[in-house]
Amino acid sequence: MKSNREILTSMLHTVQMGQTGIRCIMDNAVKTDLKAELKDQLREYDMLEKETLQVAQNMGLELKNLYPALETMSNVMSKMQLIGGDADSKIAGMLIQGNTRGMILGLKNLRKAANIQPQVQALAQKIINRENMNIQKSQPFL
């Protein structure tokens with residue numbers, strides 16, 4: 001069973017990976033509407049990060065940020081995946097894959113939660129819903 005701290009940490013890492021991934025690929029987007037979508041998703045992740053940290057603080061919990069090595073690895077992998085071909089389609093595919101991983105992790109965490117606080121559950125569901133929305137919004141760029 002997962003504690004509120006474990007679930008909040010996982011949520012924080014999910015949104016930080018989303019931020020990292022988007023920042024790695026944002027400059028490679030060609031279409032104006034894809035650039036706008038990337039900015040929108042990044043803005044959402046920034047708000048979700050702040051909200052996650054605020055919920056943790058309100059509960060008296062301190063969370064550890066994403067490991068810097070994961071950010072570096074994500075940057076290298078993203079750049080490699082963008083070599084050759086339709087950059088926008090590749091970006092959309094990476095967004096969908098990342099959001100799907102985040103959604104799956106969030107759902108698994110909720111199912112493994114023990115005595116989860118209502119505000120933690122609500123925030124976890126909000127992140128899952130956002131991940132799903134991001135998948136839908138990225139599909140037209142494939």
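This is a short talk on the helix packing, the pocket and the cavity in one model.

The model is predicted, so I start with confidence. The protein averages a pLDDT of 95, and 100% of the residues score at least 70. Helix α2, residues 32-58, has the highest confidence, with a mean of 98. The lowest is in helix α3, residues 68-81, where the mean is 89. Please keep α3 in mind, as I come back to that helix twice.

First, helix packing. Two packed helices are described by the angle between their axes and the distance between the axes. For α1 and α3, the angle is about 40°, and the axes are 9 Å apart. What does that make the pair, oblique or roughly parallel? Angles under 35 degrees would count as roughly parallel; α1 and α3 are therefore oblique to each other. As for handedness, the crossing of α1 and α3 is right-handed.

Next, the open space. The largest pocket has a volume of about 570 Å³. Its lining is made up of 25 residues, and those closest to the pocket centre are Met17, Ser74, Met94, Gly98 and Arg101. Which elements give two or more residues to this lining? They are α1, α2, α3 and α4. So the helix with the lowest mean confidence, α3, is among the elements that line the largest pocket. By class, the pocket lining divides into 10 nonpolar, 13 polar and two charged residues.

Last, the enclosed space. How many cavities of 30 Å³ or more are there? The count comes to one, and the space in the largest cavity is about 50 Å³. Three helices each supply at least two residues of its lining: α1 (4-25), α4 (87-111) and α5 (118-138). The lining residues are Ser10, Met11, Thr14, Gly102, Gly106, Asn109, Ala124, Ile127 and Ile128. Four of the cavity-lining residues are nonpolar and five are polar, with no charged residue in the lining.

To put the two spaces side by side: α1 and α4 appear in the list for the pocket and in the list for the cavity. The pocket lining has two charged residues, whereas the cavity lining has none.

That is what I have; questions are welcome.

Terms used. Residues numbered from 1 in each chain as written. Predicted model: local features only at pLDDT ≥ 70, side-chain atom pairs only at ≥ 80, totals over all residues. Heavy atoms only, no water. 1 Å grid on protein atoms, 1.4 Å probe; cavity = no way out; pocket = protein on both sides within 12 Å on 5 of 7 lines; lining within 4 Å. Points joined across faces, edges and corners; volume = space filled by probe spheres on them. Helix = DSSP H or I, 4+ residues; strand = E, 2+ residues; numbered from the N terminus. Nonpolar A, V, L, I, M, F, W, Y, C, P; charged D, E, K, R; others polar. pLDDT = per-residue confidence, 0-100. Axes fitted to C-alpha atoms, helices over the stretch in contact; angles between N-to-C directions. Parallel < 35°, antiparallel > 145°, perpendicular 65-115°, else oblique. Left-handed = near helix turned anticlockwise from the far one by under 90°.
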